[in-house]
Amino acid sequence: MTAFLPLARSTLYSPVWLVPFDDHARRVRTVGVEVRLERFDDADGRWLPLDDRAVRTPSGAVAFPGLGRRAEPWAARPERHRVRLAAAGYQPLYPADGRPFSADLVGVEFPVYPYDDTHPPSVEASPRLVRLLPGVAFPHPPGARTVRGAVLDATTGAPVANALVEARGRTSPDLVPWRERTLSDARGAFRLALRWEGERAAEHTLEETFRLEATERPDRTGTLTVRLPQDAERQHVIEIREQ
């Protein structure tokens with residue numbers, strides 16, 4: 001994936017390149033994604049919405065060409081911006097791949113460096129995926145196996161919003177790793193698909209066991225064991241505790 005022109009010559013440089021990725025379908029999502037740009041106001045200490053419209057590139061990236069362009073870039077300072085995504089039935093997973101999860105992260109933050117035709121930006125942006133996870137309202141097909149429940153604080157009983165809920169395992173008999181993920185909504189509710197086979201006590205045993213883990217941040221997690229099919233209709237509760 002490249003920018004519109006080489007950085008040294010481009011007047012359409014974008015300080016951010018995001019690729020919305022449907023984590024359930026395992027493909028780039030090119031339609032049905034709303035993009036919102038915000039700037040942090042140091043004086044007020046809050047995020048302000050901006051009217052800049054995102055551009056979708058042929059390769060599926062979301063960019064803001066021209067953002068940061070100034071008449072006198074040497075007289076301006078870098079500014080904090082963030083992008084927030086929204087898609088019906090999905091919730092964005094904002095931490096980049098390989099980075100620790102935090103429920104407090106509700107957008108992709110990035111600095112915008114001032115530039116003009118003869119003074120290119122001091123930092124070149126690299127494209128990155130933003131994974132869209134199926135949420136509570138995701139339209140799973142009829143017959144899809146899912147489990148529902150809520151993520152709660154173990155001490156107060158308060159709902160934990162935007163917690164990462166996941167299950168992992170290996171297929172049988174080839175032992176290929178699999179992972180299913182979702183995020184809790186504002187009420188702490190979650191709905192997790194379990195499309196793959198769970199652990200079995202013996203080869204022909206009907207019962208499958210899954211270990212669900214919920215994370216608010218690295219030091220606040222909770223786990224729950226789910227057994228199917230007997231637990232399929234239960235409203236499960238995962239309690240988050242300090243670790």
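Is Asp-231 buried or exposed, and what is its relative accessible area? Asp-231 is buried, with a relative accessible area of 6%. Keep that residue in mind, as we'll come back to its partner below. One thing to know before going on: what you're looking at is a predicted model.

**The overall picture**

Let's start with the whole chain. You won't find a helix here: the count is zero helices and 17 strands. Along its principal axes, the C-alpha trace spans about 70 × 40 × 30 Å. The chain has 243 residues, and 43% of them count as buried. If you take the contacts with a separation of 6 or more, 65% of them come from residues 24 or more positions apart. As for the outside, the accessible surface comes to about 13600 Å², and carbon and sulfur atoms own 50% of that.

Charge is worth a look too. There are 34 positive and 34 negative side chains, and the centres of these two sets lie 2 Å apart. Side chains of opposite charge can pair when their charged atoms come close. In this structure that adds up to 27 salt bridges.

**Three of the salt bridges**

Here are three pairs, with the gap between their closest N and O atoms.

| Asp | Arg | Closest N and O atoms |
|---|---|---|
| Asp-23 | Arg-131 | 3.1 Å |
| Asp-185 | Arg-187 | 2.9 Å |
| Asp-231 | Arg-234 | 3.1 Å |

Take the pair of Asp-23 and Arg-131. Asp-23 sits in the loop between β1 and β2, while Arg-131 belongs to strand β10 (residues 127–134), so this salt bridge ties together parts that are 108 residues apart in sequence. Both ends are tucked away: Asp-23 is buried, with a relative accessible area of 8%, and Arg-131 counts as buried at 12%.

The pair of Arg-187 and Asp-185 looks like this: Arg-187 is exposed, with a relative accessible area of 58%, whereas Asp-185 counts as buried at 16%.

Now back to the residue from the opening. Asp-231 is buried at 6%, but its salt-bridge partner Arg-234 is exposed, with a relative accessible area of 52%. Elsewhere, salt bridges that share partners link up Asp-153, Glu-216, Arg-217, Asp-219, Arg-220 and Glu-242 as one network.

**Two buried Asp residues with no salt bridge**

What about a buried charge that has no such partner? Asp-22, in strand β1 (residues 17–22), is one of these. Asp-22 is buried yet has no salt bridge, and the nearest side chain of opposite charge, Arg-29, is 4.1 Å away. The cut-off for a salt bridge is 4 Å between the nitrogen and the carboxyl oxygen. Asp-22 does have company, though: its side chain and that of Tyr-90 are joined by a polar contact of 2.5 Å. Leaving out residues up to four places away in sequence, Asp-22 touches Arg-27, Arg-29, Tyr-90 and Leu-132.

Asp-41, found in strand β3 (residues 34–41), is another. Asp-41 is buried and has no salt bridge either, with Arg-39 as the nearest side chain of opposite charge, 4.6 Å away. Where does the side chain of Asp-41 find a polar neighbour? A polar atom of that side chain lies 3.0 Å from the backbone nitrogen of Asp-44. Not counting residues up to four places away in sequence, Asp-41 also touches Arg-46 and Leu-48.

Technical notes
Residues numbered from 1 in each chain as written. Predicted model: local features only at pLDDT ≥ 70, side-chain atom pairs only at ≥ 80, totals over all residues. Heavy atoms only, no water. Helix = DSSP H or I, 4+ residues; strand = E, 2+ residues; numbered from the N terminus. Buried < 20%, exposed > 50% of the residue type's maximum accessible area, 1.4 Å probe, protein only. Contact = heavy atoms within 4.5 Å. Areas by Shrake-Rupley, 256 points an atom, 1.4 Å probe, with all protein chains shown as cover. Lys, Arg positive; Asp, Glu negative; His and termini not counted. Charge placed at Lys NZ, Arg CZ, Asp CG, Glu CD. Polar contact = N/O pair within 3.5 Å; in protein donor to acceptor, adjacent residues only side chain to side chain.
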